[in-house]
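The following exercises concern residue burial, packing and aromatic pairs. Each task is followed by a worked solution.

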Amino acid sequence: MKTFVSTCVALALLAGTPSFAADADKARIDEQVAFGLKEVQRILEREASGLAEFGIQDRGELQKLQVGAPIEAYRLDPKGLEAYAPGKAITPLLTPMDELYFPVLVNGKARLVMWLAKLEGTWQFAGFGQADLGPALAGLTARYAKAGTRMKVVIQAQTQAKLLLVEQGGAEKLFYLSSHPWSFNAAIRSDMTELRQPELMEQLKEATRQMLRN
């Protein structure tokens, strides 16, 4: 088996570390992103099927991994869903998760997602995968990367829904990130089309109630 060589890492924090992070946090985040990329390379080098799963052609491409801009993750709990009413902002209903999601790119194209988690006050590499999230996350962040815009990955645990919330000019836009939405109807879109917020939230609310009853 080929041994990973650290000098092969192609690390590019395309938009830097998050503005909310203190200087010490920024240094730690950079360190853990570099470590995470090495782990991704080390694990995927073990077998060709691992590369194919994420659309990486060969081990040469594996050495060209880069990371895109980090996005904070938030939970949308059942309590937050029940508090929602049409026309109401979603942001106040969210709970911070102390996690950062990074699209991982090869030759500028997103292949997977890597994430860090803040554990006992320290940022740490927490995992990678979710090939379906990578392209949508990278495409949407590129589309809406403007001054004054804030983006949040929103996770609803009961339905396993993963959304991107874009806050821009006092307005909110919602997008579905996964290519495998749950089997309800109407507003669920995975093609980077903005979701109809009231309809989506009502679907999430009803689906969550159903799952909590089961």
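A residue is called buried when its relative accessible area is under 20%, exposed when over 50%, and partly exposed in between. The model examined here is predicted.

**Exercise 1.** Determine whether V153 is buried or exposed, and describe its surroundings.

*Solution.* Begin with location: V153 belongs to strand β6. Its relative accessibility is 1%, so V153 counts as buried. Next, consider the contacts, leaving aside residues up to four places away in sequence: V153 touches I71, E72, A73, Y74, Y101, L137, L163, L164 and L177. For E72, 81 residues away along the chain, the C-alpha separation from V153 is 6.1 Å.

**Exercise 2.** Identify the strands against which the buried residues of helix α5 pack.

*Solution.* Helix α5 comprises residues 133-144. Its buried residues are L133, G134, A136, L137, A138, L140, T141 and Y144. These buried residues pack against β2, β3, β4, β6, β7 and β8.

**Exercise 3.** Classify the aromatic pair F35 and F125, then the pair F54 and F128.

*Solution.* Ring centres must lie within 6.5 Å; planes over 60 degrees apart are edge-to-face, and under 30 degrees stacked. The count comes to four aromatic pairs. F35 and F125 have centres 6.0 Å apart and planes at 75 degrees, an edge-to-face pair. F35 lies in helix α1 and F125 in strand β5, 90 residues apart. With 39% relative accessibility F35 is partly exposed, whereas F125, at 18%, is buried. For F54 and F128, the centres are 6.1 Å apart and the planes stand at 50 degrees, so this pair is tilted. F54 is in the loop between α2 and α3 and F128 is in strand β5, so the pair ties together parts 74 residues apart in sequence.

Note on methods:
Residues are numbered from 1 along each chain as its sequence is written. This is a predicted model: local features need pLDDT of at least 70, side-chain atom pairs count only at pLDDT 80 or more; totals for chains, interfaces and linings use all residues. Side-chain values use heavy atoms; hydrogens and water are left out. Helices (H or I, at least four residues) and strands (E, at least two) are DSSP runs, numbered from the N terminus. The expected span of a helix is 1.5 Å times one less than its number of residues. Buried means under 20% relative accessible area, exposed over 50%, partly exposed in between (1.4 Å probe, protein chains only). Contact means heavy atoms within 4.5 Å.
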